[in-house]
Amino acid sequence: MANKVFSKDAWLEALGGLKEHYRVFLPLKDGDFFTYKPIEEAKKIHFDYDNTRLSPKGLIFPQSERMFEFSLDTQDPEANILKEAPKDDSPRAIVGVRPCDAHAVGLVRRNFDNPEYRDPWWVKHVEAATYVGLGCNAPCATCFCKSVGGGPFNEEGLDAMMVDLGDRFLVRALTEKGEEFLSRVQGGEAADEEVLKEARELAQKVTDEMPDTVPTGRLKDLPVMALFEAPFWEEVAFACLNCGTCTYLCPTCWCFDIQDEVYKTEGIRLRNWDSCMFPLFTLHGSGHNPRDQKFQRVRQRFMHKLKYYVDKYGDGVQCSGCGRCVQFCPVNIDIRRVCGLMDAYEPGA
Ligand code: SF4
Ligand code: SF4
C-alpha cells in the first residue's frame, strides 16, 4: 500500500485541493472544543486536538435524518404515499479520525449491517466515506481504547492513517479507498524506511505506555440475571441527571426514534437520535413504562454495552474506550468504574 510523507504546511494545503473529489470534513475548533465540520468552514486547520467533543458518528448516522416525504393534500393523487427523501451520498473524506472512533464503526456495523437486516442509509453513508485516521501520540487520561480491543494506533476501520512526526505527517493507505484518497492528494514524497521505522517505534512506545486497566474478561461468563439484579445499580445511578450527554456523545450508541412532522399538507418522516437515559424512551402507548426509575435506565445503558452486546456477539464490548462519557458526564459517572464493578461481581457473595 502507498504511503507519503508531507511537511505539515504541505499536508494542510493538499487537503484544500481535494474538494473536487470529496466533501472533506475535519475536526475544527468550535469555541472551546473541536467538532467535525466541512473544510470550507475552516479559518485555520490544525491537528493538535485531543479528540472532538461529538464523534464523527453524525456524518454517517445523522442526528436528525429525513427518511421519507409525503403529501396530505387530498387533491394530490399521490397523497399519503411515502417517498424516499433525497440524500447526499457523494464521496466524503473524514480526516483526522481517532482510532477509537473508527473502531466504533465496526462495533455499530453489527446493528446496522448484518445478515438479518441492512439499514440502507447507514450502509450507503459508510460506503461513501473514506476514513483517514490520526494516531494518538498522547492519549488523554480518560482514554481506555487499549482495554476494549483497540489502541492509540489501531488501524481497524480506517482507510488511511496519519502519524504526526513533529514537523511532518506520514500518511499510509490501508485499503483501496485509502489508496485512491492518497493518489488524489497532491504533493508529498514516498516515505523512506527511516520515516516508516520512526512511525512504527512511536506507535509501539505510545501503545506500550498506555495503561490497560479496565477489566472486561469475566463479563461474558457472568450470568445475565445475576448482573441485572446486582446490588450496585442504585448507587451507580444515584447522581445521574438523565441528561443523555453520555449517549449523544458516544460513537457506539445507535438508538433512534422515528417521528412524523407535518406542516399544512406537507409531511416528513424523520429519524432522530434517542437515548435510553430519557424516561420517555420506553414509555408505552398504554402509559406503562418498564424503565420508569432512574436506576433502571442507567442499568440498561451499562448492561447493553457491557453484557447484552457481549452475549449477543460473543466478541468485545459495545464501547471503543473514547472516554467522552467519562470526560463530559456532569456528575462524573465513569464507565471504567462500572465495568470494573460488573467484571468483579461475585453473585451470591
Ligand atoms: S452523562 Fe452522566 S448524568 Fe448525564 S445521563 Fe449520562 S450518566 Fe447520567
Ligand atoms: S461508552 Fe463512553 S467511552 Fe465507551 S465509546 Fe461510548 S462515549 Fe466512548
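This report describes a predicted model of a protein, going from its domains to its strands, one helix, some loop residues and two ligands.

**Domains**

The protein is divided into two parts: domain 1 covers 3-71 + 79-209, and domain 2 covers 219-343. Their C-alpha centres lie 26 Å apart. Where the domains touch, domain 1 contributes 34 residues and domain 2 contributes 26 residues. On the domain 1 side, β4 and α2 each supply at least two residues. Helix α2 gives the most to that side, with 9 residues. By class, the domain 1 side of the contact has 16 nonpolar, 11 polar and 7 charged residues.

**Helix α2**

Helix α2 has 14 residues, numbered 99-112. At 1.5 Å a residue, a helix with this number of residues should span 20 Å, and the end C-alpha atoms of α2 are 20 Å apart, which agrees. Buried residues of α2 include Pro 99, Cys 100, Asp 101 and Ala 102 at the beginning of the list, and also His 103, Ala 104, Val 105, Leu 107 and Val 108. Among the elements that cover these buried residues are β6 (92-97), α3 (120-128) and β7 (129-134). In general, an α-helix has 3.6 residues a turn, so residues three or four places apart point the same way.

**Strands β1, β7, β8 and β9**

Strand β1 spans residues 3-7, and 4 of its 5 residues are buried, so β1 is largely enclosed by the rest of the structure. Its partner β9 (residues 168-173) runs antiparallel to it, and 5 bridges join the two. In this pairing, Ser 7 stands opposite Arg 168 in β9.

Strand β9 also pairs with β8: again the strands run antiparallel, with 5 bridges between them. Here Asp 164 stands opposite Phe 169 of β9. The two strands form a hairpin with 3 residues between them, and Gly 166 in this hairpin takes a positive phi near 90 degrees.

Strand β8 (residues 160-164) is itself mostly covered, with 4 of its 5 residues buried. It is joined to β7 by 3 bridges, and this pair runs parallel. One bridge partner in β8 is Ala 160, which pairs with Val 132.

**The open sheet**

Which strands make up the open sheet of 4 strands, and in what order? The order is β5-β4-β11-β10, and the pairing is antiparallel. Strands β5 and β10 stand at the edges with a single partner strand each, so one side of each has no neighbour in the sheet. Strands β4 and β11 are joined by 7 bridges and run antiparallel. Within this pair, Ser 71 has Glu 266 of β11 as its bridge partner.

**Residues in loops**

Asn 80 and Lys 264 can be described together. Asn 80 is not a glycine, yet it has a positive phi of about 70 degrees. The phi of Lys 264, likewise a residue other than glycine, is positive and near 55 degrees. The table gives their places and their neighbour counts.

| Residue | Loop | Other C-beta atoms within 10 Å |
|---|---|---|
| Asn 80 | between β4 (64-71) and β5 (83-84) | 11 C-beta neighbours |
| Lys 264 | between β10 (256-263) and β11 (266-273) | 7 C-beta atoms |

A residue counts as exposed if 12 or fewer other C-beta atoms lie within 10 Å of its own. Asn 80 has 11 such neighbours and therefore counts as exposed. Lys 264 is exposed because it has 7.

Pro 215 is placed in the loop between α5 (193-209) and α6 (224-228). Is Pro 215 exposed or partly exposed? With 14 C-beta neighbours inside 10 Å, Pro 215 counts as partly exposed. Its C-alpha atom is separated by 9.2 Å from that of Met 342, although the two residues are 127 apart along the chain. Apart from its neighbours within four places in sequence, Pro 215 is in contact with Gly 340 and Asp 343.

**Ligands**

The residues around ligand 1 include Cys 240, Cys 243, Cys 246 and Cys 329. Others around this ligand include Leu 241, Met 277, Pro 330 and Ile 333. The shell of ligand 1 divides into 9 nonpolar and 3 polar residues, with no charged residue.

Around ligand 2 there are 14 residues, of which Cys 250, Cys 319, Cys 322, Arg 324 and Cys 325 come nearest. This shell has 8 nonpolar, 4 polar and 2 charged residues.

Note on methods
Residues are numbered from 1 along each chain as its sequence is written. Chains are lettered from A and ligands numbered from 1 in the order in which they are written. This is a predicted model: local features need pLDDT of at least 70, side-chain atom pairs count only at pLDDT 80 or more; totals for chains, interfaces and linings use all residues. A residue is near a molecule or strand if its C-beta atom, placed from the backbone, lies within 6 Å of it. Ala, Val, Leu, Ile, Met, Phe, Trp, Tyr, Cys and Pro count as nonpolar, Asp, Glu, Lys and Arg as charged, and the others, Gly among them, as polar. A residue is buried if 20 or more other C-beta atoms lie within 10 Å of its own, exposed if 12 or fewer, and partly exposed in between; C-beta atoms are placed from the backbone. Two strands pair if DSSP finds at least two bridges between them. The expected span of a helix is 1.5 Å times one less than its number of residues. Two residues are in contact if their C-beta atoms, placed from the backbone, lie within 7 Å. Domain bounds come from an automatic or database domain assignment.
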